[in-house]
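Biologist: Please take a close look at the salt bridges of this model. I should like to know how the charged side chains are placed and how the sheets around them are built.

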Amino acid sequence: MHSYTVFSLSNSLSLTDSISHLLRKRVGKLYATKFSDGEVYTRFDESIRGETIVLIAQINLPYTNLFELFVTIDAARRASAKEIICVLPYLPHSRQERKDDTRSSISARLIADFIEHAGADRIITIDMHSTSIEGFYNIPIVHIFMNNDFVRHIHTHLNPENICLCSPDFGGLKRIKQYKTILNCDMAVIHKERLRPNQVSSMEIIGEVKDKDIVIIDDMIDTGGTLCKAADLLLQQGARSVHAYCTHGVLSSNAVQRIESSGIQKLVVTDTIPHEKLGKNMELISCAPVLASAIDRLMRNKSIQQFNQTGLP
Ligand code: R5P
């Protein structure tokens, strides 16, 4: 078992508290503040020389969170930490992992370069938008999934015999196939076209959804446009109910109200991004247990793949 200390960025105190409680570890002293113009400043208030540190960092927007990560990794490197493991439950810019138009950026790659150049040695993340992002990093990525928690929730709330899994786009097909192997149920996919970011122009369902309880699985929900439009279409085509499981609840703009007034019976999200308040048809499953197990297994040199498949501690 490696010895290590857990630290938290200022945006991740609650998640870090849950993780450290599960790991029975204390949280190390990391001071974070801002200059009056907003410039971020962090400082380790205990020695980390020669140590492995686990930095819990929810780096959702605003960009201050991401910048706090960069300066903290830099501070840890300059304070001679032996190994810097960054727990980044949600990776911003993941939707920009390829050039989908001429003269645009591949900013997921840019984020990877920044994190790596700052000095991170390893990353633990959950339900990446696309596994190709892993190739942007030269350092090891521990990719863990919410599958087991979501499947457990689906099993306790829905009749498995009437479920039809649905991916809201072709990019998510691989994801729902993983669920299908456990749930052994029907599946459908939606052909989605976009005009511009966050704006879906057209949707077409491929698969039989009539009288089915639809379970939409997606890596993230941002404005809710994709999900609400998909739910409308599924209900129009005779689906009995629509439930959705989206790991990263970005929930920007008026997403919460939009989902509340949609035909979606239940939306389950996690706390990879902190939430102050969720809508009345939403539920939260914490990612703290999977993260704590992944950290623990990593430190004990135990297989992560086995944990991903079975969810066993
Ligand atoms: C797209 O590829 C993603 O998996 C999500 O479906 C999408 O980003 C959700 O965005 P929004 O909620 O704004 O439609």
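Modeller: A salt bridge is counted here when a side-chain nitrogen of Lys or Arg lies within 4 Å of a carboxyl oxygen of Asp or Glu. By that rule the model, which is predicted, contains 17 salt bridges.

One of these joins Arg 26 to Glu 46, with N and O at 2.6 Å. The two residues are 20 positions apart and link distant parts of the chain: Arg 26 sits in the loop between α1 (13-23) and β2 (30-34), and Glu 46 in the loop between β3 (40-44) and β4. Glu 46 has a relative accessibility of 18% and therefore counts as buried, since the limit for that class is under 20%.

A second pair is formed by Lys 212 and Asp 186, whose closest N and O atoms are 3.0 Å apart. Because Lys 212 belongs to the loop between β10 (199-206) and β11 (213-221) while Asp 186 belongs to strand β9 (residues 186-196), this pair ties together parts separated by 26 residues in sequence. Lys 212 is buried at 15% relative accessibility, whereas Asp 186 is partly exposed at 38%.

In a third pair, Glu 283 meets Lys 266, and the closest N and O atoms are 3.3 Å apart. Glu 283 is in strand β14 (residues 282-285) and Lys 266 in strand β13 (residues 266-270), so the contact ties together parts 17 residues apart in sequence. Glu 283 is partly exposed, at 25%, and Lys 266 is likewise partly exposed, at 24%. Elsewhere, Asp 74, Arg 77 and Arg 78 are joined into one network by salt bridges that share partners.

The sheets give these pairs their setting. Seven strands form an open sheet with mixed pairing, in the order β10-β9-β8-β11-β12-β13-β14. Strands β10 and β14 stand at the edges with a single partner each, so one side of each has no neighbour in the sheet. On average, neighbouring strands here are turned by 25° against each other, direction ignored. Strands β13 and β14, which hold Lys 266 and Glu 283, run parallel and are joined by four bridges; in one of the facing positions, Leu 267 has Met 282 in β14 as its bridge partner. Helix α4 (residues 147-157) packs on this sheet, touching strands that include β13 and β14, and its direction makes about 155° with that of β12. Helix α6 (residues 225-236) also packs on the sheet; among the strands it touches are β9 and β10, and its direction makes about 35° with that of β10.

The network residues lead to another sheet. Five strands in the order β1-β4-β5-β6-β7 form an open sheet with parallel pairing. Its edge strands are β1 (4-8) and β7 (141-144), each pairing on one side only. Neighbouring strands are turned by 20° on average, direction ignored. Helix α2 (residues 64-78) packs on this sheet, touching β4 (52-56) and β5, and runs at about 160° to β5. Strand β5 (residues 83-87) pairs in the parallel sense with β6 (residues 122-126) over three bridges, and Ile 85 stands opposite Arg 122 in β6.

Finally, an uncharged counterpart: Tyr 31, Phe 35 and Tyr 41 make a nonpolar surface patch of about 290 Å². Phe 35 lies in the loop between β2 and β3 and is partly exposed at 47% relative accessibility.

Conventions: Residues numbered from 1 in each chain as written. Predicted model: local features only at pLDDT ≥ 70, side-chain atom pairs only at ≥ 80, totals over all residues. Heavy atoms only, no water. Pairing = 2+ DSSP bridges. Axes fitted to C-alpha atoms, helices over the stretch in contact; angles between N-to-C directions. Contact = heavy atoms within 4.5 Å. Buried < 20%, exposed > 50% of the residue type's maximum accessible area, 1.4 Å probe, protein only. Patch = residues over 30% accessible without salt bridge, like charges linked within 9 Å, V, L, I, M, F, W, Y side chains within 5 Å. Areas by Shrake-Rupley, 256 points an atom, 1.4 Å probe, with all protein chains shown as cover.
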